[in-house]
Structure formats: structure tokens, C-alpha cells
Amino acid sequence: MSGVKTTPEIKEITKIERIGAHSHIRGLGLDDTLEARAVSQGMVGQKDARRAAGVILKMIQAGQIAGRAILLAGQPGTGKTAIAMGMAKALGEETPFAMMAASELFSLEMSKTEALTQAFRKAIGVRIKEETEIIEGEVVEIEIDRPATTGSAAKTGKVTLKTTEMETIYDLGQKMIESLQKEKVQAGDVIAIDKASGRISKLGRSFARSRDYDAMGPTTKFVQCPEGELQKRKEVVHVVTLHEIDVINSRSQGFLALFAGDTGEIRAEVREQIDGKVAEWREEGKADIVPGVLFIDEVHMLDIECFSFLNRALENDLAPIVVIATNRGITKIRGTNYKSPHGIPIDLLDRLLIIQTKPYSEEELRLIIDIRCEEEDVEMSDDAKELLTKIGAETSLRYAMQLITSSYLIAKRRKAAEVDIEDVSKSYSLFVDVKRSTQFLIEYQDQYMFNEIKSLEAQPMET
């Protein structure tokens, strides 16, 4: 009987990234002179607001200011969070960017001031410099001796590394062999081995092996063979936040609390000791402070106690740049009977640099819809996009954006290549916007339970 041959199915594993409301934002879309481009890095319109955010960005990158606060104020759907996300992307990975909603403070199992303190310290980075010994070279040959029996005998082996000037053979233990196999190191790779931790990092493939390019694939990175000696002293830079240092030093389980998320309240004495130690490192040149950004959305949800704490916290030496956003007009400050612009006390407003966002024009709405269609991978006709733009202008941009995917699913059911006007119209009839929903409630108010429309007729409704 002939053996049955099977062909293994090969699946390409790609990084899965969910599409969110602001996943198309790549930066602020500014040129070198901080002038806002019409359409760039996912940003459209709001040129004045983006230019102002760009100036703030340069101040943050210079690292010369701290304890400043910026207010992004504007109507709902005018891109306040998008500007904050653009700032986060433009700052890069090294600058800490902590984001929170103001209402989060009231649902945490800790005091409001403790939650705000932790948020502040998440937004302050410490760049720690340390020297470490590394072995860096090109792999000439790897020999791994596997035991004949599958007993307790450990694997042993040798690796030959070279630079442009020397070549050395190193003995390998069990852990190093496992690390090499995990990194899939082979002859021709340029690797770096940290002597203290034994960590192996693959820097790339040697240019001497560039003739194997077809076999390697287009993503292979080629690097030069290292020069000089194999063993070198190298300065390594780590960026950690003050909050991470607080957590590691405040609990018996150390850094495991970072993964569990159960940090609890941290004692003031611990923070004082850490601040003192960081100040010592700065004097010795071992560390630098990286002032980051704390973004608090829907800031009108904070109460008078939180605002008082913010006032004091902004005066601290170790304070980040605080960016807050609100869509409220003149309204009551939470926890009081007093009214104030944006629901923020006047003394705190006096400290803020206010950036105003304005409603989008129809041309800008069309450009945003184009970007969102591309981001959501939806083919849509120009007529359908025009209709969505009109819907966005009459209702809201958020509602129009939500109709993109629903219209695409309707078009998919009729096996259409692209979304057309009839698909958008069908989606518009299936899902009502706020104005139509409110009108429906007013018309059929008598059929609903606990209707209070009569008592609200004298009061202006919030939209």
C-alpha cells in the first residue's frame, strides 16, 4: 500500500492591528517650518490648532519646560483627540505619553489624588545610561553537540565569531544554545551578546552574504562586519517612567505588579526616596529626566478637588506637560454650584494655553471620508462619498464615519465591487442619527415610560 503524501499548509502570520477611530493618525502633518499641510499624516484641516500643537511639541522635545498645561477646546467632533494622538505619534516611542479619561478617577480603587499622581508620574521618563560589556561579531560557524541519548545530558557547542581584525571560538552552554536557536542565528549573521545577561540580539546579515539575497527575502537587513576587537564596552540607554520605578520599589513582588496592574496606593516616602535617587543620578550624569505628556480627555468630569490638586501638581519640579480636552461651554464646575467656561475653575484656566478647534468645512469632511475609506479598506464611488459628506455636514462627522463600514457590508451582500449611493442610503435608513432619534422620541413621547418631555420643554436640550 503506497503511503499517503500530505502537503503542509503554509500560513503567513502578519501583525493584526485593529482599526480604531484614530488609527489613521500618523502625526500632526506639519512641515519643517511648523506650517500645517492641507492633508498629511492622516490630519485634515484645523491648521491653526495643529500649528499651535506643533509649537508645543517643539517645546516638549527641547525638554526645557515642565509644568505647562494646554487646553484643547472645541465642539464635539472637531478633532481634539486626533490632535493629541498626533502629538503622541510625533513625539515617538522614547517620550512618555500617558492618556486617560477624567471619569476613570472615580472608578479606581484608590483616592482621586493618588490616581492623578500616578498618571503624572507615568508621563515623566528617566533616561538611564549605563555601560555594559558586549561581544559583537559575525558568526562564522556554529557547532552544537547533541547527546546520543535523550537523558539528562546537556547540549554543548561552540560558536566562531569574527570581526575585520580577529576571530575567536567561544564555548556554548545550554542556555546560550537555546538563545541562539530561538533567535534562529546561522552562519553569516552579525550578532551582539550581552556578557552580563547573556542576551543575544541579531543585528542583521553580513554584506559578505548579500549574494544569498534571493534566498533571504526582501525584508533581510544587511550590515557591515564589525571592526576592531570582539569585546567592546558600549553605552546602553533605557527609558523608564517614574511610575514604573515607584511600583518596582513599593511592593514585595517588584516588577510583577506592573504586569498584574494591581499597583495600589504608593506611599509618599517611597516616592521621596526615588526622587532623591533620581536627583543623585542626574548630578552624576547617569540619568536625564524626559518630561512627557499627560493627556486628560473630557476634563470637565473632574471635580473641584481634582482641579485644586492639578493647580498644585503643575508647580512641582517633576511635572509633565499636561494636555486637557473638553467640549463643554459655560457650565457648572463639578462639585460646586458655580459656573465657569469649559467647567474649569478660573484660576486653573489662567494657567492654560488654550488651543481652539473649529468645525470642519464640507471640503475637509470629504477629505476625512477619503482617508477613512482607505484606512478601512473600503472601495467607494465618488457619488457615495459626496452623499456621506452631505450626511456628515447635516448630522455629524462621527455618524458619517460609522456609516462607511455598514454601507460596505450592505454592498458586500449584493456582491458589489464598490459601495454605491444605494448602499449608503440603505445604511442611512437602518441607523438613525441623534436628530432623527430625538424627533422620533418627541413624536411618540406618550408611548414611552417615565417620559419627562413636558418638564424639559422650558429647558434647552443638550445636543
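**Aromatic pairs, cores and a buried helix**

The count of aromatic pairs comes to 2, a pair being rings of Phe, Tyr and Trp (its six-membered ring) with centres within 6.5 Å, called stacked with planes under 30 degrees apart, edge-to-face over 60 and tilted for the rest. The model is predicted, so local features need pLDDT of at least 70 and side-chain atom pairs count only at pLDDT 80 or more, whereas totals for chains, interfaces and linings use all residues. Residues are numbered from 1 along each chain as its sequence is written, and side-chain values use heavy atoms, with hydrogens and water left out.

Y399 and Y428 form an edge-to-face pair, 6.3 Å centre to centre with 65° between the planes. This pair links distant parts of the chain, 29 residues apart, with Y399 in helix 13 and Y428 in helix 14 (residues 421–430); helices (H or I, at least four residues) and strands (E, at least two) are DSSP runs numbered from the N terminus. Y399 is buried at a relative accessible area of 8%, while Y428 is partly exposed at 27% (buried means under 20% relative accessible area, exposed over 50%, partly exposed in between, with a 1.4 Å probe and protein chains only). R436 lies over the face of Y428, 3.7 Å from the ring centre; for a charge to sit over a ring, NZ of Lys or CZ of Arg must be within 6 Å of the ring centre and within 35 degrees of the ring normal.

Helix 13 (residues 397–413) also holds S406, which is buried at 14% relative accessibility. Setting aside neighbours within four places in sequence, S406 is in contact (heavy atoms within 4.5 Å) with S427 and F431.

Turning to the interior, the largest nonpolar core has 30 residues, of which L294, I296, L302, F307, I324 and I344 touch the most other members. Such a core is a set of buried Ala, Val, Leu, Ile, Met, Phe, Trp, Tyr and Cys residues joined through side-chain atoms within 4.5 Å. Helix 9 gives the largest share of this core, 5 residues.

Helix 2 (residues 80–91) has 9 of its 12 residues buried, so this helix is largely enclosed by the rest of the structure. The buried residues of helix 2 pack against elements including helix 1 (47–62), strand 3 and strand 4. After helix 2 comes G92, with a positive phi near 90°.
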